[in-house]
Number of protein chains: 2
Amino acid sequence: MSDLLSVAKKAKNASYKLASISTETKNLALKLMADNLDAAKKNIFEANELDLQQAKNLVVRGELSKAAFGRLKLDENKFRDMVDGIRDVIKLPDPVNKKLWAMKLDDELDLYKVSCPIGVMGVIFEARPDVIAQISSLAVKSSNAVLLKGGKESVNTNKAICAIIEKSLYQAGLPDGTVNQIFSREDVSQMLKLEKYVDLIIPRGGSKLVKYIKENTKIAVLGHSDGICHIYIDKMADWDKAIPIIIDAKTQYPTACNAVETVLVHKDIYKEFVPILITALKKNEVKIYAEPELCAQFTELIPMTETWAYEYSDLALALKIVDNELEAIEHINTYGSGHTDCVITEDNTVCELFMNLVDSAGVYCNASTRFADGFRYGFGAEVGISTNKTHARGPVGLEGLTIYKYKLFGCGQVVRDYVSGTKSFKHEKLD
Amino acid sequence: MSDLLSVAKKAKNASYKLASISTETKNLALKLMADNLDAAKKNIFEANELDLQQAKNLVVRGELSKAAFGRLKLDENKFRDMVDGIRDVIKLPDPVNKKLWAMKLDDELDLYKVSCPIGVMGVIFEARPDVIAQISSLAVKSSNAVLLKGGKESVNTNKAICAIIEKSLYQAGLPDGTVNQIFSREDVSQMLKLEKYVDLIIPRGGSKLVKYIKENTKIAVLGHSDGICHIYIDKMADWDKAIPIIIDAKTQYPTACNAVETVLVHKDIYKEFVPILITALKKNEVKIYAEPELCAQFTELIPMTETWAYEYSDLALALKIVDNELEAIEHINTYGSGHTDCVITEDNTVCELFMNLVDSAGVYCNASTRFADGFRYGFGAEVGISTNKTHARGPVGLEGLTIYKYKLFGCGQVVRDYVSGTKSFKHEKLD
């Protein structure tokens, strides 16, 4: 317990210093990270082999899924992607020390709103060991210190990668305590209570992990637990767009958080549209759930056993007939998770209404929900996808790891003069 | 309990609709609010008189402070300020539906980042009844629904004002449930648990209230509990700036959160500077606390009984001698509250270091900490002052009541084409 506290304090102290590290130094640290990881590839693969040996037993005993085992394994491709990812972050613009806004309050009294790092991030992720390099590079570029808790299955790989990262940051002259590993569940539950030292928690994992974290901390959490995305097929929809979009949104990566879970169809077209949809989905081995009344009309539909707020995360979705776009919007706002929702229509009025009234991070017209992703949005990096209503929403890039401070440059001004009327504010925007 | 739940649900439903209300309609609602309040002045004063009669007994019994009684009383000036405040909000630009960023992902696949309301705010404030009109006008302008809990002492005044506001919003055609009053402590503690319906909590009151709220909710809280502001007098300080700034920062409004609580003085100048500071502060009846060693050197100083993290909120401050700017910065980051801190210096290097390394919402050079205020910053309105490290920091204007959503306009695009390489992203910034 007390050990974690000292790690968190060290990270906090590092974070103050990180705020004034130059872009050049940060990019040097990133370059050293990439080069040193490349040079240590053999060692890292050996450490990974150790983790894999132990994980094999877990798989045999049914304590680890084959998918998790696959994510744990570091092969040549994943290693190259990991190192290339760090080099990509070098190319991104520095999100810190950007002038966001400026106002001349009075002569020689200038106010600047300047972006700055948030401070200390706590990142909890599951088995994938390549995440450690990705998160560390984003933390360095945004001048944030980080506490990293990886999956226990990849502990050897994580330690090997982290040792290289720490060495690289030291070589570049970054403060001690910039990147820190923590190891136990007890450490995580302790970290969630350290709101004095930890400013942001980023869980990277399944919805169970995210829910646990959200329920157990007062620190701001950046993430999403559910991804219940909808596609509404309006009566003015172009079916040649609707069908491929639904197929893409469900089958391109069924377990993704931005995959579609519910299709809503306007009542005026459902009799003709649903049979075509069923044929297309069947061809792609997608199960379709619906309420009994609809199942009675289409024998291929399966009676629903889950609620409308269920995330199938599989080749399965739910189907509902709605009276109009307003019912669709209400359904989405009631059962959705505020992630990404789409309308298929050629009617601009319906499109506008849907986009303004659906309260989600992403509102789409005639495009697959699978586009909800930081790289596809052109951010160059993705910290995570947030369904929060404050700070950052939707796919979050480096900017989401910053906040701002106000810098006021004066020459002795006091408020009394402005209250008494001796002086008055000019409030001229600077640019 | 269940009653509050239905109020919160009604507010949530209203919030979805509010997102698409035009600027004109919102301004009409504000104009009706101001006009109708003006017309109902007599009724409101009568309701206020009722509250004052009851409050008098509380003051006699020592259950209400004279200051709180003063805040409760609505006089002609306060009433005029309240109504003028609403008319000022009409003039502010609409913070909603602003295009913040846009990117062409590919031909006919355009992504827009657009500001939108947060949703439902829960605002808890103490005795001042004029707050209800101020908060309601900011909520309307930013298209947020609001649950308002005022001090129980002003219940009649609040009800009278709120009735006029509700009538005005109805006349303008705003959704039912936009502005809602809640009354009991039980309602507040219930509201703090409704993260599904309430998106942001804004406490407007003393640090005890703010602390209680922060400890009892998982909803984002916008505010500050402490205001422990510092002024550091560098060895290169201009004393003709230092003394007036300290006097202003302490005496212009001693109980304000942006008043100075601790003065740090560079060791090279303290022997000459401290006597001058003592004289100036004594003239203004400010008590000066210090550690025993310093008290031994200056008989006017009083030995400290509180920690360095104590908010005097009175004509009193603490004094400390530091070795250099780095010790000052470390002291501020350790004991400060991240509100507003100032350096007095003519040395640009010290100024820059201080501004970059002090982790506070406001970092000032040669200006009084009392400038930390939304109106003085030129925002035209102030929602509150935040010491959070996410979402909004420092004085918060209307913008702090908004978030954004991503609107994607396509013509049938699917992700599969971009993953397979059939198509590739263009990522051209639009403006």
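# Exercises on a predicted two-chain model

**Warm-up: a loop residue in chain B**

Let's start with B:Asp314, which, setting aside neighbours within four places in sequence, is in contact with B:Lys250 and B:Pro254. Keep in mind that everything here comes from a predicted model.

*Task.* Work out where B:Asp314 sits and whether B:Asp314 counts as buried, partly exposed or exposed.

*Solution.*
- Step 1: find the element. B:Asp314 lies in the loop of chain B between β10 (302-303) and β11 (316-322).
- Step 2: check the accessibility. The relative value is 46%. Buried means under 20% and exposed means over 50%, so B:Asp314 counts as partly exposed.
- Step 3: try a distance. B:Pro203 is 111 residues away from B:Asp314 in sequence, and their C-alpha atoms are 22 Å apart.

**Exercise 2: two residues in chain A helices**

*Task.* For A:Ser15 and A:Met82, name the helix that holds each, decide between buried and exposed, and list what they touch beyond four places in sequence.

*Solution.*
- Step 1: take A:Ser15. Look for this residue in helix α1 (residues 2-18) of chain A. Its relative accessible area is 5%, and with the buried cut-off at under 20%, A:Ser15 is buried.
- Step 2: list the contacts. A:Ser15 touches A:Gly119, A:Val120, A:Ser143 and A:Ala145.
- Step 3: move on to A:Met82, which belongs to helix α5 of chain A. A:Met82 is buried too, with a relative accessible area of 7%.
- Step 4: list again. A:Met82 touches A:Leu37, A:Asp130, A:Ala133 and A:Ile161.
- Step 5: add a distance. A:Leu64 is 18 residues from A:Met82 along the chain, and 24 Å separates their C-alpha atoms.

**Exercise 3: salt bridges, hidden or not**

*Task.* Take the pairs A:Asp38 with A:Arg87, A:Arg393 with A:Asp359, and B:Glu63 with B:Arg61. For each, give the closest N to O distance and say how accessible the partners are.

*Solution.*
- Step 1: A:Asp38 and A:Arg87 have their closest N and O atoms 3.5 Å apart. This pair ties together distant parts of the chain, as A:Asp38 is in helix α2 (residues 23-39) and A:Arg87 is in helix α5 (residues 76-91), 49 residues apart. Both values fall in the middle class: A:Asp38 is partly exposed at 39%, and A:Arg87 is partly exposed at 29%.
- Step 2: for A:Arg393 and A:Asp359 the distance is 2.9 Å. Again distant parts of the chain are linked: A:Arg393 is in the loop between β14 (384-386) and β15 (394-396), and A:Asp359 is in the loop between α14 (348-357) and β13 (362-367), 34 residues apart. A:Arg393 is buried at 1%. A:Asp359, at 19%, is buried as well, because the limit is under 20%.
- Step 3: B:Glu63 and B:Arg61 come to 3.2 Å, and both are exposed.
- Step 4: look for a network. A:Lys12, A:Asp199, B:Asp359, B:Lys389 and B:Arg393 are joined into one by salt bridges that share partners.
- Step 5: zoom out. Over all chains, the whole structure has 49 salt bridges.

**Exercise 4: a helix in chain B**

*Task.* How many residues does helix α2 (residues 23-39) of chain B have, how far does the helix reach, and which elements do its buried residues pack against?

*Solution.*
- Step 1: α2 of chain B has 17 residues.
- Step 2: from first C-alpha to last, the helix reaches 24 Å, close to the expected 24 Å.
- Step 3: pick out the buried residues, among them B:Leu30, B:Met33, B:Ala34 and B:Leu37.
- Step 4: name their packing partners, which are α3 (41-60), α5 (76-91), α6 (131-141) and α7 (155-172) of chain B.

**Exercise 5: where the chains meet**

*Task.* Describe the interface of chain A and chain B: what area is buried, and how many salt bridges cross between the chains?

*Solution.*
- Step 1: count residues. 79 residues of chain A are in contact with 78 of chain B.
- Step 2: get the area. About 6,400 Å² is buried, with carbon and sulfur atoms giving 58% of it.
- Step 3: count charged links. Three salt bridges cross the interface. A:Glu399 forms a salt bridge with B:Lys113, with the closest N and O atoms 3.6 Å apart.
- Step 4: see what chain A brings. Strand β16 (residues 402-413) gives the most to the side of chain A that touches chain B, with 11 residues. By class, that side has 41 nonpolar, 20 polar and 18 charged residues.

Terms used:
Residues are numbered from 1 along each chain as its sequence is written. Chains are lettered from A and ligands numbered from 1 in the order in which they are written. This is a predicted model: local features need pLDDT of at least 70, side-chain atom pairs count only at pLDDT 80 or more; totals for chains, interfaces and linings use all residues. Side-chain values use heavy atoms; hydrogens and water are left out. A salt bridge is a side-chain nitrogen of Lys or Arg within 4 Å of a carboxyl oxygen of Asp or Glu. Helices (H or I, at least four residues) and strands (E, at least two) are DSSP runs, numbered from the N terminus. Buried means under 20% relative accessible area, exposed over 50%, partly exposed in between (1.4 Å probe, protein chains only). The expected span of a helix is 1.5 Å times one less than its number of residues. Contact means heavy atoms within 4.5 Å. Buried area is the accessible area (1.4 Å probe) that two parts lose on being put together, summed over both. Ala, Val, Leu, Ile, Met, Phe, Trp, Tyr, Cys and Pro count as nonpolar, Asp, Glu, Lys and Arg as charged, and the others, Gly among them, as polar.
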